[in-house]
Amino acid sequence: MIDKDRIKKRLSNALKDIDIDKNDILKKLKISKHTYEQYISGKKFPSFMTFAKMYELLDLNLNDILCVPKKKTDKKSNDTK
């Protein structure tokens, strides 16, 4: 199940760890400094479109941000290929 609080935390951590100038991010995402800071603090969650832009701009691992569990591989089906 998707947990919005976990997603906020992971997105916040991803934004804190990036090597892109914050002003460039603000311009490309068309958001204010205040909004960006709310994303970092986890007080606000981006709209779907802003989230999609972040994904592309910041080269985020979407599965990691959305807390999607890794699929277990079926060894039997992999062995037959």
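These questions and answers cover a nonpolar core and the helix α2 in a predicted model. Residues are numbered from 1 along each chain as its sequence is written. Local features need pLDDT of at least 70 and side-chain atom pairs 80 or more, while totals for chains, interfaces and linings use all residues, and side-chain values use heavy atoms, without hydrogens and water.

Reader: Which element gives the largest share of the largest nonpolar core?
Author: A nonpolar core is a set of buried Ala, Val, Leu, Ile, Met, Phe, Trp, Tyr and Cys residues joined through side-chain atoms within 4.5 Å. This one has 17 residues, and Leu11 and Leu15 are among those that touch the most other members. Two or more residues come from each of α1 (4–16), α2 (22–29), α3 (33–41) and α4 (48–58), helices being DSSP runs of H or I, at least four residues, numbered from the N terminus. The largest share, four residues, is that of α1.

Reader: Are Ile25, Leu26 and Leu29 on the same side or opposite sides of α2?
Author: Ile25, Leu26 and Leu29 are buried (under 20% relative accessible area, 1.4 Å probe, protein chains only). Lys27 and Lys28 are exposed (over 50%). Because the arc of the buried residues, taken from the directions from the helix axis to the C-beta atoms, is only 100°, they lie on the same side of α2.

Reader: How is α2 oriented to α3?
Author: Their axes, lines fitted to C-alpha atoms over the stretch in contact, are 10 Å apart at an angle of about 105°. Angles of 65 to 115 degrees count as roughly perpendicular, so α2 is to α3 roughly perpendicular.

Methods: Axes fitted to C-alpha atoms, helices over the stretch in contact; angles between N-to-C directions. Parallel < 35°, antiparallel > 145°, perpendicular 65-115°, else oblique.
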